[in-house]
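Trainee: I should like to go through this model and ask, for each label, what justifies it. May we begin with a single residue and work outwards?

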Amino acid sequence: MSPSSASDDRSRLASVVRSIATLAQRLIKAVAVLAVTSGGAGVLLWGLLWWPLGDGLLLLFGAATSLVVLLAPGVILGMFYQGLRELRALPDRMAERTDRTLSESAEAARSVRAEAADTWSGRLWGILKRVWTLRAVLLENRALLVRYGALLRFVTPGFVLLVVGATAVSFLLIPVSLGAGLVVLLW
């Protein structure tokens, strides 16, 4: 590898890392709130379904299994939140190697600029679009990130698709648990 291509790779890596950190910064608060809300909704729904617990072994197994299933989206989003915090801190760790941001990274950051969403559904749609954009940026630069050993779990399409699935399930779980809670209160 020639010195100029190594410098170009470092410059491109710095640009990609800054772009990913910008996306992570924009997602971090929303993912944290969604993870906590999803976990709370799972616990609420589990409590409505299973409380008070019975004495049978089969009932305890069913209660434990359903608790794991209902908490899974919140746990997955919690892991994603931790990874986003690592991604946000990555540019600081690589500060000695960073150069100017390339136009490609600037375009990626501009594409996710927050739109003024006045409605709750508009904000949720914005979160989904940002997660999907982050997935696209990571997939485009997978080889470069893997080569430098940067956060392999976020480079795998499977994990990012798992996060997208957990986000979608959370968007279903939260209103279902709130609706079930209202039915129980009104009953």
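Mentor: Let us begin with Ser-170, which touches Leu-34, Ser-38, Pro-73, Leu-77 and Pro-175 when residues up to four places away in sequence are not counted. Contact here means heavy atoms within 4.5 Å. The model is predicted: local features need pLDDT of at least 70, side-chain atom pairs count only at pLDDT 80 or more, and totals for chains, interfaces and linings use all residues. Residues are numbered from 1 along each chain as its sequence is written, and side-chain values use heavy atoms, with hydrogens and water left out.

Trainee: Why is Ser-170 called buried?

Mentor: Buried means under 20% relative accessible area, exposed means over 50%, and partly exposed lies in between, with a 1.4 Å probe and protein chains only. Ser-170 has a relative accessible area of 0%, so it is buried.

Trainee: What makes the side chain of Ser-170 a partner in a polar contact with Ala-166?

Mentor: A polar contact is a pair of N or O atoms within 3.5 Å; within protein, one must be able to donate a hydrogen and the other to accept it, and residues adjacent in sequence count only if both atoms are side-chain atoms. A polar atom of the Ser-170 side chain lies 2.8 Å from the backbone oxygen of Ala-166, and 2.8 Å is within the 3.5 Å limit, so the distance criterion is met.

Trainee: Where does Ser-170 lie?

Mentor: Ser-170 is in helix α7. Helices are DSSP runs of H or I with at least four residues, strands are runs of E with at least two, and both are numbered from the N terminus. The chain has 7 helices and 0 strands.

Trainee: Ser-177 is also placed in helix α7, residues 157-186. Why is Ser-177 described as buried or exposed?

Mentor: The relative accessible area of Ser-177 is 1%, and therefore Ser-177 is buried. A polar atom of its side chain lies 3.0 Å from the backbone oxygen of Ile-174. Leaving aside neighbours within four places in sequence, Ser-177 is in contact with Ala-41, Leu-44, Leu-45 and Leu-48.

Trainee: Which residues make the nonpolar surface patch?

Mentor: Leu-44, Leu-48, Leu-178 and Val-184 make a nonpolar surface patch of about 320 Å². The elements that give two or more residues to this patch are α1 (3-50) and α7. Patches are made of residues with over 30% relative accessible area and no salt bridge (a side-chain nitrogen of Lys or Arg within 4 Å of a carboxyl oxygen of Asp or Glu). Like charges are joined within 9 Å, and nonpolar side chains (Val, Leu, Ile, Met, Phe, Trp, Tyr) within 5 Å. Accessible areas come from the Shrake-Rupley method with a 1.4 Å probe, and for residues only the protein chains shown count as cover.

Trainee: Why does Leu-48 count as partly exposed?

Mentor: Leu-48 lies in helix α1. Its relative accessibility is 30%, so Leu-48 counts as partly exposed.

Trainee: What makes Lys-29 exposed, and Leu-23 buried?

Mentor: Lys-29, in helix α1, has a relative accessible area of 67% and is therefore exposed. Leu-23, also placed in helix α1, is at 2% relative accessibility and so counts as buried. Lys-29 and Tyr-81 are 52 residues apart in sequence and 8.5 Å apart in space, C-alpha to C-alpha. Leu-23 and Val-137 are 114 residues apart in sequence, with 9.4 Å between their C-alpha atoms.

Trainee: How many aromatic pairs does a search of the whole structure find?

Mentor: The search finds 1 aromatic pair. Phe-80 and Phe-159 form it, at 6.5 Å centre to centre and 45° between the planes. Phe-80 is in helix α2 (residues 57-93) and Phe-159 in helix α7, 79 residues apart.

Trainee: Why is the pair of Phe-80 and Phe-159 called tilted?

Mentor: Rings of Phe, Tyr and Trp (its six-membered ring) pair if their centres lie within 6.5 Å; planes under 30 degrees apart count as stacked, over 60 as edge-to-face and the rest as tilted. The 45° between the planes is neither under 30 nor over 60, so the pair is tilted. Phe-80 is buried at 1% relative accessible area, and Phe-159 counts as buried at 12%.
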